[in-house]
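Me: I'm new to this structure and would like a close look at one part of it: the aromatic rings. Please walk me through them and then show me what surrounds them.

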Amino acid sequence: MKRLKDPELFSCIKKYLTIYLPQIKNRSSNTVEAHRFSLNLYLDFLIDTVVKDLSEIKATDFCQENILLFMEWLSKERKNEVTTVNVRLSNIRSFCKYLSKNGLILHSDIDDIAGIKKLSDLRKHEVTYLTAGTMKLILEQPDISKKTGIRDKFYMALLYDSGCRNQEVLDLQVKDFIVNTDGSAELHILGKGRKYRVTPISNEVTKLFYSYCSIFHPDKSTAQQHLLFYTKRNGIVTKMSPDNVQRFLSSYEASARKIQEDIMHLHPHLFRHTRAMHLYMAGVPLPIVSEWLGHSNMETTLIYAQASIEMKRKASEKLKAHESSVFKGDVTFKYDDDEMIKKLSGLK
């Protein structure tokens, strides 16, 4: 195993992710995972731009100059949205405070880091979303003659149909997708802030669920506690990562753009925005949209009512019959060695 230049740093990372956040601060598993993901990204950035190897990274690499470059890297290299960059900044800043408490970086460094301003979100009053036609085109891109194509289509369809956050879908177990005796289906979700909700699922997505499970969960009766979506490498099953999702979304974005040049950059949250807008355009009341998305504050949902002049003009109209659903035949909405270092440090 490679010799670490700063073993205390990686010991601190492990304590932060396994003790400080979940036990002392009582943060949810999703929050801990978000911090883990942000730290992994920051380490990737350092390897890409500052050091040559993970083992060379030191606590002093967590500094204002590098964090500013990290934010630029997220924006330009990963093409992350402003809100995502700001979340990463917040997570890294939180870890830096923990480093300072443990005497690994100076208090003056924390003052410098605290002075980093979040990026201004010029689009915070403008919700971007896909039309029903574009959403259909995206869902047609996976090659369903391949296993990964079946998986990807089901994932994207479920992400849209449920209006879930990406992490919520990644956290799902097989048992959370419930098909009732009458054939109707629903998704049981433990969302942000440990808030539980149930969301109805369309017949078309239910069919995709069965096709997907016939390959990835052939014996659903013994797989109820298994992750619904997973990856397997060298025989080891792990939870699918947000990076994995973004990779196949980028691939389908590129293929769909050959047909429709003006398709915007695809990212998981765009599917959530799109579902919310489609529901609202179909005349679904905002309180129901709020419950559907799992918003803790109704004000958060109001952005869909204020999204655009076009939306204000059409707020009282139903979608035209041919645009009322992304899914054919469902025209109504339901209301109702670095690896070892990372593993030892709790980053994997």
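Reply: **The aromatic rings and their surroundings**

Tyr16 is a good place to start: its relative accessible area is 0%, so this residue is buried (under 20% relative accessible area; over 50% is exposed and anything in between partly exposed, using a 1.4 Å probe and protein chains only). Before we go on, note that this is a predicted model, in which local features need pLDDT of at least 70 and side-chain atom pairs count only at pLDDT 80 or more, while totals for chains, interfaces and linings use all residues. Residues are numbered from 1 along each chain as its sequence is written, and side-chain values use heavy atoms, leaving out hydrogens and water.

The structure contains 23 aromatic pairs. Rings of Phe, Tyr and Trp (its six-membered ring) pair when their centres lie within 6.5 Å; planes under 30 degrees apart are stacked, over 60 edge-to-face, and the rest tilted. Tyr16 and Tyr98 make one tilted pair, with 5.2 Å from centre to centre and 50° between the planes. Tyr16 sits in helix H1 (residues 7–24) and Tyr98 in helix H4 (residues 82–101), so their pair ties together parts that are 82 residues apart in sequence. Helices (H or I, at least four residues) and strands (E, at least two) are DSSP runs, numbered from the N terminus. Tyr98, at 9% relative accessibility, also counts as buried.

A second pair joins Tyr155 and Phe248, and it is edge-to-face: 5.8 Å centre to centre and 80° between the planes. Since Tyr155 belongs to helix H7 and Phe248 to helix H10 (residues 242–257), this pair ties together parts 93 residues apart in sequence. Tyr155 is buried at 0% relative accessibility, and Phe248 counts as buried at 7%. Both residues also belong to one aromatic cluster, whose members include Phe154, Phe177, Phe229, Tyr230 and Tyr252.

Now follow H7 outwards. This helix (residues 147–162) lies across strands S1, S2 and S3 and runs at about 115° to S3; axes are lines fitted to C-alpha atoms, for helices over the stretch in contact, and angles run from 0 to 180 degrees between N-to-C directions. Contact here means heavy atoms within 4.5 Å.

The three strands form an open sheet in the order S1-S2-S3, with antiparallel pairing. S1 (177–179) and S3 (196–201) are its edges, each with a single partner strand, so one side of each has no neighbour in the sheet. On average, neighbouring strands here are turned by 25° against each other, direction ignored. Strands pair if DSSP finds at least two bridges between them; S1 and S2 (residues 185–190) are joined by three. There, Val179 stands opposite Ala185 in S2.

The cluster member Tyr230 brings us to another pairing. Strand S4 (residues 230–233) runs antiparallel to strand S5 (residues 236–239), and four bridges join them. Arg233 stands opposite Ile236 in S5. S4 and S5 form a hairpin with two residues between them, and Asn234 in the turn has a positive phi of about 55°.

To place all this in the whole: the protein has 15 helices and five strands, and buried residues make up 47% of its 348 residues. One well-covered helix is H11 (residues 268–281), with 13 of its 14 residues buried. After H11 comes Gly283, whose phi is positive, near 95°.

Methods: The expected span of a helix is 1.5 Å times one less than its number of residues.
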